[in-house]
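Me: I have a chain to study and some questions about how it is put together. Let us go through it step by step.

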Amino acid sequence: VACKGEFGCSLMKRPEVVRDAIHAMSRAVQIPVTVKCRLGVDDLDNQEYTRKFVTTVKQGGCKHFIIHARKAWLNGLSPAQNRTIPPLHYPRILDLCNHFPDLNFSINGGITDIGHARALLNFPQQRLEGETAELYAAAWDWQSTGSMEACPIPSNLQGVMIGRGAMNTPCMLWDVDHTMYGEEKPEPMTRRQLLEKYRLYLEDSHAD
């Protein structure tokens with residue numbers, strides 16, 4: 001369906017269409033328009049192609065790309081299989097950060113808990129007990145690149161996107177403001193208490 005309707009990952013084969021869509025949306029709204037994409041599709045998945053895709057799409061006005069750090073196969077794999085079978089290549093996100101210093105990037109794919117997210121960001125705020133340089137290097141899988149030394153995090157790597165990890169275990173986010181942003185640590189709560197606070201938050205945020 002995605003290939004026939006020209007949406008989703010299939011659009012990575014048509015970066016000019018994505019560029020024009022971003023341009024049209026940017027003219028219609030007053031908020032930034034971002035792009036979430038893969039590293040590539042099918043055999044169009046090398047770093048040169050990813051750079052060309054970003055180069056074209058940014059001309060439409062996109063300043064922030066959220067990159068799922070694996071490619072997609074448009075035929076032969078189901079959507080669920082495409083989320084697990086193609087291998088992750090986290091270091092390629094850093095290549096994009098360094099190649100496009102005027103753009104912002106976030107990393108997505110295979111991030112299932114806050115500990116992994118902290119390791120990918122080199123432990124923001126301060127290192128907690130057990131958080132080591134080895135854990136940081138392992139999170140990025142530096143050895144697969146042939147490098148034995150971890151690279152520093154560029155300033156334009158804005159963060160991580162956690163999708164199904166949060167969907168499957170929403171309570172993983174109960175103290176995310178503390179662990180990721182250094183805010184005051186909340187009192188431990190039961191799941192019922194968390195849901196009640198979330199209900200109150202929604203009522204306050206969407207009163208109308």
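Reply: Start with a definition: helices (H or I, at least four residues) and strands (E, at least two) are DSSP runs, numbered from the N terminus. This is a predicted model: local features need pLDDT of at least 70, side-chain atom pairs count only at pLDDT 80 or more, and totals for chains, interfaces and linings use all residues. Residues are numbered from 1 along each chain as its sequence is written, and side-chain values use heavy atoms, with hydrogens and water left out.

Me: Which helix holds His116?
Reply: Look at the residue range 114-120. His116 falls in that run, which is helix 6.

Me: Is His116 buried or exposed?
Reply: Buried means under 20% relative accessible area, exposed means over 50%, and partly exposed lies in between (1.4 Å probe, protein chains only). The relative accessibility of His116 is 18%, so His116 counts as buried.

Me: Which residues does His116 touch, leaving out those up to four places away in sequence?
Reply: Contact means heavy atoms within 4.5 Å. One partner also has a backbone oxygen 3.5 Å from a polar side-chain atom of His116: Gly110. The full set of partners is Tyr90, Gly110, Ile111 and Ala139.

Me: In what order do the 4 strands of the open sheet run?
Reply: Two strands pair if DSSP finds at least two bridges between them. Here the pairing is parallel. Strand 1 (35-38) and strand 4 (157-161) each have a single partner, so one side of each lacks a neighbour in the sheet. The order is 1-2-3-4.

Me: Over how many bridges do strand 2 and strand 3 pair?
Reply: Strand 2 covers residues 64-68 and strand 3 covers residues 104-108. His68 stands opposite Asn108 in strand 3. The two strands pair in the parallel sense, and the number of bridges is 5.

Me: Which residue of strand 2 stands opposite Cys37?
Reply: Strand 1 and strand 2 pair in the parallel sense over 4 bridges. Opposite Cys37 stands Ile67.

Me: Through which helix does the chain cross from strand 1 to strand 2?
Reply: This β-α-β crossover is right-handed. That term means that, with the strands pointing away from the viewer, the path from the first strand over the helix to the second runs clockwise. The chain passes through helix 3.

Me: Which residues of the largest nonpolar core touch the most other members?
Reply: A nonpolar core is a set of buried Ala, Val, Leu, Ile, Met, Phe, Trp, Tyr and Cys residues joined through side-chain atoms within 4.5 Å. This core has 44 residues. One of the five, Phe65, is in contact with residues including Val35, Leu103 and Ser106. Those that touch the most other members are Val57, Phe65, Ile67, Phe105 and Trp140.

Me: What is the phi of Asp42?
Reply: Most residues other than glycine have a negative phi. Asp42 lies in the loop between strand 1 and helix 3, and counts as buried at 12% relative accessibility. Its phi is positive, near 50°.

Me: And what is the phi of Phe123?
Reply: Phe123 sits in the loop between helix 6 and helix 7. Its relative accessible area is 4%, so Phe123 is buried. Phe123 is not a glycine, yet its phi is positive, at about 60°.

Terms used
Polar contact = N/O pair within 3.5 Å; in protein donor to acceptor, adjacent residues only side chain to side chain.
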